[in-house]
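Here are a few friendly notes to read alongside the model. Take them one at a time, and keep the 3D view open as you go.

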Amino acid sequence: MYQPYPSTDQPVEPDKPPAPQSVLNAVKLMYAGAAVSAVSLIISLVSIGGTKDAIRKARPSLTAAQVNQLNTFIIALAVVSGVVGVALWLWMARKNGQGKNWARILSTVLFGLATLDMFGVLSQPKTVLGLVFPVLTWLIGLGAIVFLWRRESTEFFKPPRYDPSVDARVKPPSDLR
């Protein structure tokens with residue numbers, strides 16, 4: 001008995017060509033950005049013990065309860081922003097590797113926001129370690145963006161041209177009245 005091939009009636013997207021080396025390099029850099037962000041999060045959590053002392057020194061008028069609340073807030077903020085940062089790196093790496101142009105644009109917007117954040121990082125007094133990770137992460141993002149906007153990358157991100165002769169569901173007109 002003949003069984004027709006199941007169909008979802010969804011348009012079939014043509015196969016994308018393999019990603020060019022520039023996109024592959026951008027994706028590798030994005031994975032590196034995720035790794036650096038994860039290491040930065042771990043180091044910040046390990047060194048969080050000195051946060052209460054830093055809060056007391058910066059704001060001596062706070063009560064012990066206020067110092068504890070602020071410390072808890074800082075830890076929660078570090079964890080949430082760290083996890084979100086790693087997740088964004090991984091998501092953008094995956095979607096850019098698949099040739100999604102919206103991901104290339106969103107990656108560029110996120111890099112723009114990271115650049116604005118970098119001004120804040122550089123304007124505050126930091127230890128060397130507190131400066132290394134943000135600058136390294138920013139440089140990785142810069143490299144990824146440069147690779148994403150190279151000419152061969154741009155060709156990869158262009159939507160495929162519609163060709164009715166390839167789409168099996170489009171029938172040519174039987175007559176031209």
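**Notes on the charged pairs, the core and one buried arginine**

1. Let us begin at Lys-158, which counts as partly exposed at 45% relative accessibility. Its side chain meets that of Glu-155 in a salt bridge, with 3.1 Å from N to O. Glu-155 is also partly exposed, at a relative accessible area of 48%.

2. Before going further, please keep in mind that this is a predicted model. The protein chain has an average pLDDT of 86, and 82% of the residues score at least 70. Among the helices, confidence is highest in helix 1 (residues 21-46), at a mean of 95, and lowest in helix 2 (residues 51-58), at 84. Where pLDDT is low, the coordinates should not be read in detail.

3. How many salt bridges does the structure hold? There are three, and the pair in point 1 is one of them. Another joins the side chains of Arg-150 and Glu-152, at 3.4 Å from N to O. Arg-150 is partly exposed at 39% relative accessibility, and Glu-152 is partly exposed at 34%.

4. The side chains of Arg-56 and Asp-53 form a salt bridge too, at 3.0 Å from N to O. Both residues belong to helix 2 and sit three residues apart, about one turn of the helix. Arg-56 is partly exposed, with a relative accessible area of 43%.

5. Now look at Arg-104, in helix 4 (residues 101-123). Is Arg-104 buried or exposed? Arg-104 is buried, yet it has no salt bridge. Its nearest side chain of opposite charge is Glu-155, 9.1 Å away, whereas a salt bridge needs a nitrogen and an oxygen within 4 Å. Beyond its close neighbours in sequence, Arg-104 is in contact with Asn-96, Leu-148, Trp-149, Ser-153, Thr-154 and Phe-157.

6. Two of those contacts, Leu-148 and Phe-157, lead us to the largest nonpolar core. This core has 19 residues, and those touching the most other members are Val-23, Met-30, Trp-89, Leu-148 and Phe-157. Helix 1, helix 3 (64-97), helix 4, helix 5 (128-148) and helix 6 (151-157) each supply at least two of its residues. Helix 1 gives the most, with six.

7. Finally, try selecting Leu-148 and looking around it. Leaving out residues up to four places away in sequence, Leu-148 touches Ala-26, Met-30, Asn-96, Arg-104, Ser-107, Ser-153, Thr-154 and Phe-157.

How values were computed:
Residues numbered from 1 in each chain as written. Predicted model: local features only at pLDDT ≥ 70, side-chain atom pairs only at ≥ 80, totals over all residues. Heavy atoms only, no water. Helix = DSSP H or I, 4+ residues; strand = E, 2+ residues; numbered from the N terminus. Buried < 20%, exposed > 50% of the residue type's maximum accessible area, 1.4 Å probe, protein only. Lys, Arg positive; Asp, Glu negative; His and termini not counted. Contact = heavy atoms within 4.5 Å. pLDDT = per-residue confidence, 0-100. Core = buried A, V, L, I, M, F, W, Y, C linked by side-chain atoms within 4.5 Å.
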